[in-house]
Amino acid sequence: MSRDPRVRLEQLRFLYNIQLDHLRQTEHWIRVAEERVAEAASREPPPPPQWGYPHAEGDRPPTVHAWDCSMSGPKKPLTHEQALRALTIDQIPPCVYCTPDRDLGVLE
């Protein structure tokens, strides 16, 4: 190994440039991987709804249900926020069988 500081500086600059090239290549691989993840996510179907209320219950007022509750017919899907609003602000009663108010953390 040379003791000349100019040679050492040249070696360090050479190493630095090689490491920069490796870093650029790694950044490229990361961008490609991120694009693939985003593309795959865009093809995934949206998750099924968790909450809903029946489209029509005759003369009875609507009730909020868990999506998989068998005590109601076809339901209009609700987001988490919409179900909370229906129970709290709109005062739509919860189903007494699937108790969505309990699962949503609504206290009486």
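Reader: Quick one to start: is Trp29 buried or exposed?

Author: Trp29 counts as exposed, at 54% relative accessibility. Keep in mind that this is a predicted model, so every value here is computed from it.

Reader: Which element is Trp29 found in?

Author: Trp29 is found in helix α1, and that helix covers residues 5–43.

Reader: What about Ser42, where does that one lie?

Author: Ser42 lies in helix α1 too. With a relative accessibility of 59%, Ser42 counts as exposed.

Reader: OK, zooming out. How many helices and strands does the protein have?

Author: There are three helices and three strands in the protein. Starting at the N terminus, the order of elements is α-β-β-β-α-α.

Reader: And what does the C-alpha trace span along its principal axes?

Author: The trace spans about 95 × 30 × 20 Å. The radius of gyration tells a related story: the protein has 30 Å, while a compact globule of 108 residues would have one near 13 Å.

Reader: How far is Trp29 from Asp68 in the model, C-alpha to C-alpha?

Author: Those C-alpha atoms are separated by 42 Å, and the two residues are 39 apart along the chain.

Reader: Then Ser42 and Leu104, how far apart are they in space?

Author: Ser42 and Leu104 sit 28 Å apart, C-alpha to C-alpha, with their positions 62 residues apart in sequence.

Reader: Got one for the C-terminal side as well: where is Gly105 found?

Author: Gly105 is found in the segment after α3, the helix of residues 100–104. At 52% relative accessibility, Gly105 counts as exposed. Its C-alpha is 18 Å from that of Asp68, and the pair are 37 residues apart in sequence.

Reader: Switching to cysteines. How many disulfides does the structure hold?

Author: Zero.

Reader: Why is there no bond between Cys95 and Cys98?

Author: The closest cysteine sulfur to that of Cys95 is in Cys98, and at 3.7 Å it is too far for a bond. The cut-off here is a pair of sulfur atoms within 2.5 Å, so this pair doesn't count as a disulfide. Looking from the other side, Cys98 is in no disulfide, and its nearest cysteine sulfur is that of Cys95.

Reader: Are those two buried or exposed?

Author: Cys95 is buried, with a relative accessible area of 5%. Cys98 is buried as well, with a value of 15%. Buried means under 20% relative accessible area, so both cysteines qualify.

Reader: How much of the protein is made up of buried residues?

Author: Buried residues account for 20% of the 108 residues.

Reader: And the accessible surface, what does that come to?

Author: It comes to about 8,900 Å², and 57% of that belongs to carbon and sulfur atoms.

Reader: What about charges, how far apart are the mean positions?

Author: The mean positions of the 13 positive and 16 negative charges are 12 Å apart.

Reader: Backbone next. What's up with phi of Gln91?

Author: Phi of Gln91 is near 60°, a positive value in a residue other than glycine. Gln91 has its place in the loop between α2, residues 80–88, and α3. Gln91 is also exposed, with a relative accessible area of 57%.

Reader: And Thr99, what is its phi about?

Author: Thr99 has a positive phi of about 40°, although this residue is not a glycine. Thr99 lies in the loop between α2 and α3.

Reader: Last thing, contacts. Among those between residues at least 6 apart in sequence, how many join residues at least 24 apart?

Author: That share is 40% in the protein.

Terms used
Residues are numbered from 1 along each chain as its sequence is written. This is a predicted model: local features need pLDDT of at least 70, side-chain atom pairs count only at pLDDT 80 or more; totals for chains, interfaces and linings use all residues. Side-chain values use heavy atoms; hydrogens and water are left out. Helices (H or I, at least four residues) and strands (E, at least two) are DSSP runs, numbered from the N terminus. The radius of gyration is taken over C-alpha atoms; the globule rule is 2.2 Å times the number of residues to the power 0.38. Buried means under 20% relative accessible area, exposed over 50%, partly exposed in between (1.4 Å probe, protein chains only). Contact means heavy atoms within 4.5 Å. Accessible areas come from the Shrake-Rupley method with a 1.4 Å probe; for residues, only the protein chains shown count as cover. Lys and Arg count as positive and Asp and Glu as negative; His and the chain ends are not counted. The place of a charge is taken as NZ of Lys, CZ of Arg, CG of Asp or CD of Glu.
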